[in-house]
Amino acid sequence: MSNAISGIPLGGFGTGYIRLGSDAIYRNVTINNNRSTYTRIPIAEHTYMAVRCSHQDTSVSRLLRPEHADLTHTCPHAAQAIDKDTMYWRGTYPRSSFSYKEKSFPVEMVWSNCAPIIPFDEETSSMPVILQGIRITNTSTKTQNVSILINWDNLSGITAKTHPGFAPVSGALIEMPKVNVPIPEDNYNPDEPTEPNSNETDRFNALIFGPHEQGDNDAFGQHCLAMRIQKGVRISVAPWDYNDPEQEEHFWTTFKEKGHLDELAPQASAPSAGAICASLTMAPGEKRNLRVAFSWYTPRITTGKKESS
């Protein structure tokens, strides 16, 4: 890496972690039984957030991280990266928190990524999950159609040793199920107000990353990116391949022009990434919260001749 960046390791005890620091780049990924220096993934370049706002025929979008020398992949169609002076970071373990405020942009955002660490609660603190809370505030004087995009690298089956270029692994597919398992609200983000209870609060729209059957190396497992379904929020999901220039152009053009991913057809081959997008309409001064979780389960690890789960 070109510069040393401070960061917070996010993940339950003994489950591996992903380090997220002041540049909003996900680094040192060890969630695939790849804890050693030569197997950990140094950077997940295609894991990021973006925001789009539109009013009538005018729209504007931002990639929610500043440009950085460690980001080598360029796309002329991507949303404009934010200026580093418009983003503030606070790292207080087990949380990595950000805020974004730009004079010319119609919304302000605060988002927090948190490991499930609870003092004296060993079971919860050992869950392989990162919990994310996102607060959006419409600071403009106009009603805004707002879209929040979360894109995630498909890293199932990958380590720095087995796949130095981080190409998608054959058989590492992405599925799009509805997930009905609740995440406890009390352990999520105590600094943010909670949504009112309803029949929808325990349902999620999700992407599942991973093979249908156990792969041929210890890094194979299942990852899940899920967003809570709530009233007034339209959620769309799509697997796609950023190594294909046509797909990449279509992906960004669709998000920037439409504000959703419904027109992106699922890919037949193993995609390199999966995205989830929340679209909602916000009145002037309105605040909304979104709930997101990323979890992983990589059950097999072989040490010498011993295999354990």
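Colleague: Why is Arg-288 called buried?
Modeller: This is a predicted model, and the value is computed from it. Arg-288 has a relative accessible area of 13%. Buried means under 20%. So Arg-288 counts as buried.

Colleague: What makes Glu-286 partly exposed?
Modeller: Its relative accessibility is 25%. Partly exposed runs between the 20% and 50% limits. Therefore Glu-286 falls in that class.

Colleague: How do you know that Glu-286 and Arg-288 form a salt bridge?
Modeller: Their closest N and O atoms are 4.0 Å apart. The rule asks for a Lys or Arg side-chain nitrogen within 4 Å of a carboxyl oxygen of Asp or Glu. The pair therefore counts as a salt bridge.

Colleague: How many salt bridges does the structure hold?
Modeller: Six. One of them joins Asp-70 and Arg-27.

Colleague: What makes Asp-70 and Arg-27 a salt bridge?
Modeller: The closest N and O atoms are 2.9 Å apart. The cut-off is 4 Å, so the pair qualifies. It links distant parts of the chain. Asp-70 sits in the loop between β6 and β7, while Arg-27 is in strand β3, 43 residues apart.

Colleague: Why are Asp-70 and Arg-27 called buried?
Modeller: Asp-70 has 10% relative accessibility. Arg-27 has 2%. The limit is under 20%, so both are buried.

Colleague: Which residues are linked with Asp-70 in a network of salt bridges?
Modeller: Asp-23 and Arg-27.

Colleague: How do you know that Glu-102 and Arg-62 form a salt bridge?
Modeller: Their closest N and O atoms lie 3.1 Å apart. That is within 4 Å, so the pair meets the rule. Glu-102 lies in the loop between β9 and β10 and Arg-62 in strand β6, so the pair ties together parts 40 residues apart in sequence. Glu-102 and Arg-62 are both buried.

Colleague: What stands opposite Arg-62?
Modeller: Val-51. Strand β5 and β6 run antiparallel and are joined by six bridges.

Colleague: Why do β5 and β6 count as paired strands?
Modeller: Pairing needs at least two bridges. Here there are six, so the strands pair.

Colleague: What is the order of strands in the open sheet?
Modeller: The order is β7-β6-β5-β12-β18-β17, with mixed pairing. Each of the strands β7 and β17 has a single partner strand, so one side of each is left without a neighbour in the sheet.

Colleague: How many cavities of 30 Å³ or more does the search find?
Modeller: Two. The largest has a volume of about 80 Å³. The second largest has about 50 Å³.

Colleague: Which strands supply at least two residues each to the lining of the largest cavity?
Modeller: β11, β12 and β19. β19 gives the most, with three residues. Lining residues of this cavity include Tyr-26, Ile-130, Trp-152 and Phe-294.

Colleague: How do the lining residues of the largest cavity divide by class?
Modeller: Eight are nonpolar, two are polar and none is charged. Asn-113 and Gln-132 are in the lining. Asn and Gln are outside the nonpolar and charged lists, so these two count as polar.

Colleague: What lines the second largest cavity?
Modeller: Leu-20, Ala-24, Tyr-26, Tyr-48, Met-49, Leu-64, Phe-98 and Trp-111. The class count is eight nonpolar, no polar and no charged. Tyr and Trp are on the nonpolar list, so Tyr-26, Tyr-48 and Trp-111 count there.

Definitions and conventions
Residues numbered from 1 in each chain as written. Predicted model: local features only at pLDDT ≥ 70, side-chain atom pairs only at ≥ 80, totals over all residues. Heavy atoms only, no water. 1 Å grid on protein atoms, 1.4 Å probe; cavity = no way out; pocket = protein on both sides within 12 Å on 5 of 7 lines; lining within 4 Å. Points joined across faces, edges and corners; volume = space filled by probe spheres on them. Helix = DSSP H or I, 4+ residues; strand = E, 2+ residues; numbered from the N terminus. Buried < 20%, exposed > 50% of the residue type's maximum accessible area, 1.4 Å probe, protein only.
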